[in-house]
Amino acid sequence: MISRQLVLTYLYLLIYVCLSSGVILFNKWVLSPKYFKFPFPITLTMIHMAFSGIVTFFLVRVFKVVAPVKMTFHIYATCVIPISAFFSSSLWFGNTAYLYISVAFIQMLKALMPVATFIMAVFCGTDKLRWDLFLNMVLVSVGVVVSSYGEIHFNVIGTLYQVTGIFAEALRLVLTQVLLQKKGLTLNPITSLYYIAPCSFIFLFIPWYLLEKPEMDASQIQFNYSIFFLNALSAFALNISIFLVIGRTGAVTIRVAGVLKDWILIALSTIIFPESVITSLNIIGYAVALSGVVLYNYLKMKDVKANQLPADNNPDRSTKDKKALNTYRPDNSMDNNDGTVIGSLASEAAAAAFDEEAPLIPSARLSYVTRTQTDSFSNR
C-alpha cells in the first residue's frame, strides 16, 4: 500500500513543478509585446513585491500565522537593505530578458547560476578556489557557450540582461551568507518576504519612475487587474509550494524535480510560443552544461556529508540539527534566482529564489548552491 504521506509528497512536487513552470510562462506571456503586450518588467516585478508584502503583512501581523523575528534597525539597515537591492536588481534584469530572448534560451542560460555563485563566493572569501570545482565550472560554461552559439534568435541585449541578473542573484546569495548568517538571523519564506518585499519595491520604484513611467503615460496602458492579480497570486503560491516541498523531501529529490521542470519548461515554451525554436546545438550545449551542474551538485553534496560526519557523533549537535531542519533556512539560487534550509536542502530554496522570486533566506552554505529557479515573480 502506498502511504498517504508519500502521496502528499509527490502531490506537492507536482504542484511545485506546475506552478514553477506556469509562473515563468505566465510572466513571458504578460511581458511579451506579441501576446499580452505589457512590456514593462519593472512594473510587473513591483506588482509582485507589493502583493507579497501585503499578503505577508496580514499573515504575520493580523492572522499571526508565523511570528516575526527580532528585527532591529541596525540589522535592517546593514542586512535587509543591501540584500533587497541585489534581489530587486536580479528580478528586474531577469524579467527584462523576457522581452528579448525565449523562455527556452533563458532556462539554458540559468545553468550559469552555480558558476556565478562560485565566482562570487571565491571573490568574497566565503569559498576556496578548488581545481575540481573550477574545471566543473568550465564545463558548465562551455555548454552554455555551445547552446548560445546554436541559438537561432540570439540577442546580445537579452543575453546580457539575463547574465547580469544571474550575477546579481549570485552576489545577493553571498551577501545573505555573509550578512544574515553572521547575525544568526533565521527567516522562513513568509517572514523573509515580509521584510524584503517592501524594501525591494522601494528600490524598484526609482528605475520604474525614470524608465517605465514616462512610457506608460505616453502609451496610456490599460491595466487588466484580474490578470495581474492572478499572476501575482501564482507567484506567491509558488513560494508556498517551495516551502511545502522542502519540508517533505530531500535535496536529491528536489534537484531531480528541478531538472525535470527545466526540460518540461523548455518543451512547453516551444509549443506555447511558436517563435521559440530549439536547435540540436541548443540541446547538446544544454546537456553538457546540465551534466556539469549535476557533477557540481554531487561534489558539493559530498562536501556537506563530510562536514556533517563529526556532528553525527555528537548527540546534542545531532538533536539541534534535527530541529534546525524543521525551519526553512537558506544556503542557491537560483536557480540563480531566486533565495533555504540548512545543509543539503539549502541550495534548492536558494535556487528557487532566483528562478521564482522565492523568499530570501539566509544562507548556510552558499557554495552549495545550484541553479534553477527565480522566475516567478520572474525569471526567472
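Which residues lie nearest the centre of the second largest pocket? In this predicted model, they are Lys28, Tyr100, Ile101, Ser102 and Glu275, out of a lining of 14 residues. The pocket itself comes out at about 220 Å³. Sorted by class, its lining is a mix: six residues are nonpolar, four are polar and four are charged.

On to the aromatic rings. Searching the whole structure turns up 22 aromatic pairs. One of them joins Phe57 and Phe58, whose ring centres sit 5.9 Å apart with 85 degrees between the planes, an edge-to-face arrangement. Phe57 has a relative accessibility of 40%, so it counts as partly exposed. Phe58 also has a relative accessibility of 40% and is likewise put down as partly exposed.

Phe105 and Phe154 make another pair, with 6.0 Å between the ring centres. Their planes meet at 70 degrees, and because anything over 60 counts as edge-to-face, this pair gets that label too. Here the contact ties together distant parts of the chain, the two residues being 49 apart. Phe105 belongs to helix 4 (residues 103-109), while Phe154 is in the loop between helix 6 (131-149) and helix 7 (156-183). As for accessibility, Phe105 shows just 1% relative accessible area, which is under the 20% cut-off, so this residue is buried. Phe154, at 39%, is partly exposed.

Some rings join up into a bigger group. Phe26, Trp29, Phe36, Phe38, Phe40, Phe223, Tyr225 and Phe228 are linked through ring pairs into a cluster.

Key. Residues are numbered from 1 along each chain as its sequence is written. This is a predicted model: local features need pLDDT of at least 70, side-chain atom pairs count only at pLDDT 80 or more; totals for chains, interfaces and linings use all residues. Side-chain values use heavy atoms; hydrogens and water are left out. On a 1 Å grid over the protein atoms alone, a cavity is a set of points where a 1.4 Å probe fits but cannot get out, and a pocket is an open set with protein on both sides within 12 Å along at least five of seven lines; lining residues have an atom within 4 Å of a point. Grid points are joined across faces, edges and corners, and a volume is the space filled by probe spheres set on the points. Ala, Val, Leu, Ile, Met, Phe, Trp, Tyr, Cys and Pro count as nonpolar, Asp, Glu, Lys and Arg as charged, and the others, Gly among them, as polar. Rings of Phe, Tyr and Trp (its six-membered ring) pair if their centres lie within 6.5 Å; planes under 30 degrees apart count as stacked, over 60 as edge-to-face and the rest as tilted. Buried means under 20% relative accessible area, exposed over 50%, partly exposed in between (1.4 Å probe, protein chains only). Helices (H or I, at least four residues) and strands (E, at least two) are DSSP runs, numbered from the N terminus.
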